[in-house]
Structure formats: C-alpha cells, structure tokens
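Biologist: I would like to go through this fold with you and ask how each label is earned. Shall we look at it together?

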Amino acid sequence: MKKVDIIIAGESHLRYAQEICEVISESAKVRGTGIARRTPEYVQTKMQNGNAIIALSGDQFAGFCYIEVWGHEKYVAHSGLIVHPDFRNRGLAKKIKEFTFNHSLNKYPTAKVFGITTGLAVMKINSDLGYKPVTFSELTDDPKFWAGCKTCTNFEILTSKDHKMCLCTGMLYDPTQKVKKKEKWFNKKVLKRLKKIKQSMLENNKQLLVWKK
C-alpha cells in the first residue's frame, strides 16, 4: 500500500487544482447527488491562504478538503472533501476530515464548525468528531455561503424553503460546549429512512413548483 501524506496545501500544490475539481464533479455524478461546484481558481485561493488540506502519495493526488470562513470568523465550514478513486476504501476520507477539523480549531479557535451534507459516510465522520445535527437556522446566515449552492441541482428546493430545509442535513460543532461523552445519535438505518422521507416530500414540492410555473 502506497504511503499517503496529509498536509496543509500551499503554492507548490496549485497544479493539482484542476484535477481536484474534476474528481469532485465526477464523484457527484456517480453518487447522483447535488454539489456546489468550485473552479480551479477558487481552489487555488484556498491553497494560497492556508485553508486547504491535500493528501499526496508521492506526487500523486490522493485527497483534498478546504476551509471556508463565514460571518467574520464566527463560523467555518469544511467543503470539497474528496478522495481519489485509487485511494478509496482505506479510511483516508476520515483522516483528511480529522486533519482539516484540527487545523480549523487551531486557526479559528472560537469559530463554530458546521457543514451540510447528504452523505451518510460524512455524517458518521462528523458525528465521531462531535458534530450534532441541527436545523439550518443554527448555521451561518451569510448569503455568500448559500450562494455557493446555486450550482447544486437542489438549489430550487432550498430557495423555495427560504434556506430553511433541503435534502442536505445541517451539522454543527460548537467549541464552547464541552462534550463529556459522545452521544450515539448516529444510526445509519434511521438516517437512510429519514433521508428517503425528506427526499420524497421535497420532490413533491419541487413538482408542485414546476406545475405552478
């Protein structure tokens, strides 16, 4: 098994931006999920300001994740978590997420860490790190964050619900709240069932919007 190093990305890693965006896009197509697309130029800015994490096996790209800052550093979010197909099923996504999480806490110690996702695997990783599921109202109200969802196939659903509900699940880690014991709230079967119910409800709403047009 090839050794993989996880590090904070910098100027020397700008050349990987195009490949990173392509892998993220292809992964979303395979999963059939919506995605907030990012350009190689956007990814490069994250690398330049020290808010990107990259995993490399020698010179080969293995994985990536980046940090976004919202509400004057009151909130941070981790986005673009991806593992190259050649390095999947090795637990690398969890390692990258943990590295990004710890980097966030060091760089923005007072910020609440949040994310929205449809992926059960990401929910499990977040749960292990201490995130809790929350309503969208507990997340940042920064319009620039929600504008990033415009390229997602579910954006119409999000806007129809005034940014209060979508197929994604909101999750939050508050560093000011000391967790004595991790709550075992994550249940894959229950979450799958709830996800199907939510998807059915929102798809019906989407059809109604189309009909009204």
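Modeller: Happy to, and keep in mind that this is a predicted model. Let's start with strand 1 and strand 2, which run antiparallel and are joined by 4 bridges. In that pairing, Ile6 stands opposite Ala55 of strand 2.

Biologist: What makes strand 1 and strand 2 a pair?

Modeller: The cut-off is at least two bridges between two strands. Strand 1 and strand 2 have 4 bridges, so they count as paired.

Biologist: And how many bridges join strand 2 to strand 3?

Modeller: There are 6 bridges between strand 2 and strand 3, again antiparallel. Ile53 faces Cys65 of strand 3 there. These two strands form a hairpin with 2 residues between them, and Gly58 in the turn has a positive phi of about 70 degrees.

Biologist: Why is strand 2 described as largely enclosed by the rest of the structure?

Modeller: Buried means under 20% relative accessible area. In strand 2, 6 of the 6 residues are buried, so the strand is largely enclosed by the rest of the structure. Ala52, Ile54 and Leu56 point one way, Ile53, Ala55 and Ser57 point the other way, and all are buried.

Biologist: What does Ile54 touch, beyond its neighbours within four places in sequence?

Modeller: Its contacts include Ile6, Ile7, Tyr16, Ile20, Phe61 and Phe64. Ile54 also belongs to the largest nonpolar core, which has 17 residues; Ile20, Val43, Met47, Ile54, Phe61 and Phe64 touch the most other members. Helix 1 (17-31), helix 2 (40-48), strand 2 and strand 3 each supply at least two residues of this core. Helix 1 gives the most, with 5 residues. A second, separate core of 16 residues includes Phe145, Phe155, Ile157 and Cys168.

Biologist: Let's widen the view to the sheet. What makes strand 1 and strand 6 edge strands?

Modeller: The open sheet has 7 strands in the order 1-2-3-4-5-7-6, with mixed pairing. Strand 1 (5-8) and strand 6 each pair on one side only, and they are the edge strands. From one strand to the next, the twist averages 30 degrees.

Biologist: Which helices lie across strand 7?

Modeller: Helix 3 lies across strand 7 as well as strands 1, 2, 3, 4 and 5, and runs at about 155 degrees to strand 4. Helix 4 lies across strand 5 and strand 7, at about 20 degrees to strand 7.

Biologist: Now the rings. Why is the pair of Phe101 and Tyr131 called tilted?

Modeller: The search of the whole structure finds 10 aromatic pairs. For Phe101 and Tyr131, the centres are 5.9 Å apart and the planes 40 degrees apart. Ring centres must lie within 6.5 Å to pair, and planes under 30 degrees apart would be stacked and over 60 edge-to-face; 40 degrees fits neither, so the pair is tilted. Phe101 lies in helix 3 (residues 92-107) and Tyr131 in the loop between helix 4 (120-129) and strand 6 (132-134), so this pair ties together parts 30 residues apart in sequence.

Biologist: How do you know that Phe101 and Tyr131 are buried?

Modeller: The limit is under 20%. Phe101 has a relative accessible area of 5% and Tyr131 has 0%, so both count as buried.

Biologist: What makes the pair of Phe101 and Tyr173 edge-to-face?

Modeller: Their planes are 80 degrees apart, with 4.9 Å from centre to centre. Since edge-to-face needs over 60 degrees, this pair qualifies. Tyr173 is in strand 7 (residues 169-173), so the pair ties together parts 72 residues apart in sequence.

Biologist: Where is Tyr75, and why is Tyr75 called buried?

Modeller: Tyr75 is in strand 4. Its relative accessible area is 16%, and the cut-off is under 20%, so Tyr75 counts as buried. Trp70 stands opposite Tyr75, where strand 3 (residues 60-70) and strand 4 (residues 75-83) pair antiparallel over 7 bridges. Ring pairs also link Trp70, Tyr75, Phe114, Phe136, Phe145 and Trp146 into a cluster.

Conventions. Residues numbered from 1 in each chain as written. Predicted model: local features only at pLDDT ≥ 70, side-chain atom pairs only at ≥ 80, totals over all residues. Heavy atoms only, no water. Phe/Tyr/Trp six-rings, centres within 6.5 Å; stacked < 30°, edge-to-face > 60°. Buried < 20%, exposed > 50% of the residue type's maximum accessible area, 1.4 Å probe, protein only. Axes fitted to C-alpha atoms, helices over the stretch in contact; angles between N-to-C directions. Contact = heavy atoms within 4.5 Å. Core = buried A, V, L, I, M, F, W, Y, C linked by side-chain atoms within 4.5 Å.
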